[in-house]
Structure formats: structure tokens, C-alpha cells
Amino acid sequence: MKNRIKILRLENNLTQKELAEKIQTSNKNIWAYENNIATPPAETLIKIADFFNVSLDYLLYRNFNINANNNSFSDDEKNIIEKYRNLSEELKHILLETVTAWINEKK
């Protein structure tokens with residue numbers, strides 16, 4: 001979860017303090033969530049998900065079923081997700097930071 005909150009925050013060009021103000025918590029809490037020192041309570045998770053317009057499943061890294069019968073993903077999307085899942089946590093982090101930086105350059 002820590003990486004998702006940080007990535008969403010950075011994608012939206014927010015400081016920890018700004019995000020904290022938006023969801024009515026302290027920047028110390030945001031820092032603790034992003035550094036895996038504390039887990040946000042359910043109410044805070046909902047505020048984060050609502051603010052960034054993402055699902056709780058996304059924030060919590062809940063797996064979703066990708067199979068041949070799942071028509072919500074293209075073959076390319078399924079392929080990318082499967083390859084991503086096989087990466088180490090360190091490589092996932094690097095990939096997410098790289099993609100985030102690339103997206104921010106395109107804005």
C-alpha cells in the first residue's frame with residue numbers, strides 16, 4: 001500500500017502536507033503510511049481512494065482475476081500485468097517510479 005499512496009501523491013504533484021490537508025489527517029501520518037510504519041485506518045483509506053478516484057482493492061494491492069474469460073482487459077493489458085506480477089518488489093518499485101516520471105513529463 002505504501003508505494004501506491006506515494007505514487008498517487010507524486011502523480012498528482014502533491015506534497016505529503018497537501019495530501020494530508022485534502023484528506024484531513026496529518027503529514028506525519030502520510031509519511032508513516034508511505035514508509036510502512038503505520039497502516040491507515042479504514043476511514044482514511046476510503047478518503048484516499050475517494051480523493052484519487054481509485055478502488056480500495058487498488059490501494060491494498062488486492063489481486064484481481066486475469067484469465068481468458070475476463071473481457072475487461074485486452075490481451076496486451078493481461079500480458080503486461082502478468083509480467084509485472086513476476087517482477088521482484090524492487091523492480092516493481094523502479095518500474096512504477098519510471099512510469100510515473102514519464103507520465104508527469106507528458107503532462
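What follows is a friendly conversation about how some labels on this predicted model are earned.

Reader: Let's start with the whole chain. What makes up its secondary structure?

Author: The chain comes to seven helices and zero strands. Read from the N terminus on, the elements run α-α-α-α-α-α-α. Of the 107 residues, 28% count as buried. About 7,500 Å² is exposed, and carbon and sulfur atoms supply 50% of that area.

Reader: How many salt bridges does a search of the whole structure find?

Author: The search finds two. One joins the side chains of Arg9 and Glu34, and the other joins those of Lys92 and Glu89.

Reader: Why is the contact of Arg9 with Glu34 called a salt bridge?

Author: The label asks for a side-chain nitrogen of Lys or Arg within 4 Å of a carboxyl oxygen of Asp or Glu. Here the N to O distance is 2.6 Å, so the pair of Arg9 and Glu34 qualifies. As background, side chains of opposite charge can pair when their charged atoms come close.

Reader: Where in the chain do Arg9 and Glu34 sit?

Author: Arg9 is in helix 1 (residues 2-11) and Glu34 is in helix 3 (residues 27-34). They are 25 residues apart, and the pair links distant parts of the chain.

Reader: How do you know whether Arg9 and Glu34 are buried or exposed?

Author: Buried means under 20% relative accessible area. Arg9 has 7%, so Arg9 counts as buried. Glu34 has 6%, so Glu34 is buried as well.

Reader: What makes Lys92 and Glu89 a salt bridge, and how far apart are they in helix 7?

Author: Their N to O distance is 3.4 Å, and the cut-off is 4 Å, so the label applies. Lys92 and Glu89 are three residues apart in helix 7 (residues 89-106), which means that about one helical turn separates them.

Reader: Which of these two is buried and which is exposed?

Author: Lys92, at 14%, falls under the 20% limit and therefore counts as buried. Glu89, at 56%, is over the 50% limit and therefore counts as exposed.

Reader: On to the helices. Why are helix 2 and helix 4 called roughly perpendicular?

Author: The axes of helix 2 (residues 16-23) and helix 4 (residues 42-52) cross at roughly 105 degrees and come within 10 Å. Angles of 65 to 115 degrees count as roughly perpendicular, so helix 2 and helix 4 earn that name.

Reader: Which residues meet there?

Author: From helix 2 come Leu19, Lys22 and Ile23, and they meet Thr44, Lys47, Ile48, Phe51 and Phe52 of helix 4. By class, this contact has five nonpolar, one polar and two charged residues.

Reader: How do you know that Thr44 in helix 4 is buried?

Author: Its relative accessible area is 11%, under the 20% limit, so Thr44 is buried. Leaving aside residues up to four places away in sequence, Thr44 touches Ile23 and Tyr33.

Reader: One last topic, the loops. What is said of phi at Asn13 and Asn53?

Author: Asn13 has a positive phi of about 50 degrees although it is not a glycine. Asn53 has a positive phi of about 60 degrees, and Asn53 is not a glycine either. Asn13 is in the loop between helix 1 and helix 2, while Asn53 lies in the loop between helix 4 and helix 5 (56-59).

Reader: Are Asn13 and Asn53 buried or exposed?

Author: Exposed means over 50%. Asn13 has 56%, so Asn13 counts as exposed, and Asn53, with 71%, is therefore exposed too.

Definitions and conventions. Residues are numbered from 1 along each chain as its sequence is written. This is a predicted model: local features need pLDDT of at least 70, side-chain atom pairs count only at pLDDT 80 or more; totals for chains, interfaces and linings use all residues. Side-chain values use heavy atoms; hydrogens and water are left out. Helices (H or I, at least four residues) and strands (E, at least two) are DSSP runs, numbered from the N terminus. Buried means under 20% relative accessible area, exposed over 50%, partly exposed in between (1.4 Å probe, protein chains only). Axes are lines fitted to C-alpha atoms, for helices over the stretch in contact, and angles run from 0 to 180 degrees between N-to-C directions. Angles under 35 degrees count as roughly parallel, over 145 as roughly antiparallel, 65 to 115 as roughly perpendicular and the rest as oblique. Contact means heavy atoms within 4.5 Å. Ala, Val, Leu, Ile, Met, Phe, Trp, Tyr, Cys and Pro count as nonpolar, Asp, Glu, Lys and Arg as charged, and the others, Gly among them, as polar. Accessible areas come from the Shrake-Rupley method with a 1.4 Å probe; for residues, only the protein chains shown count as cover.
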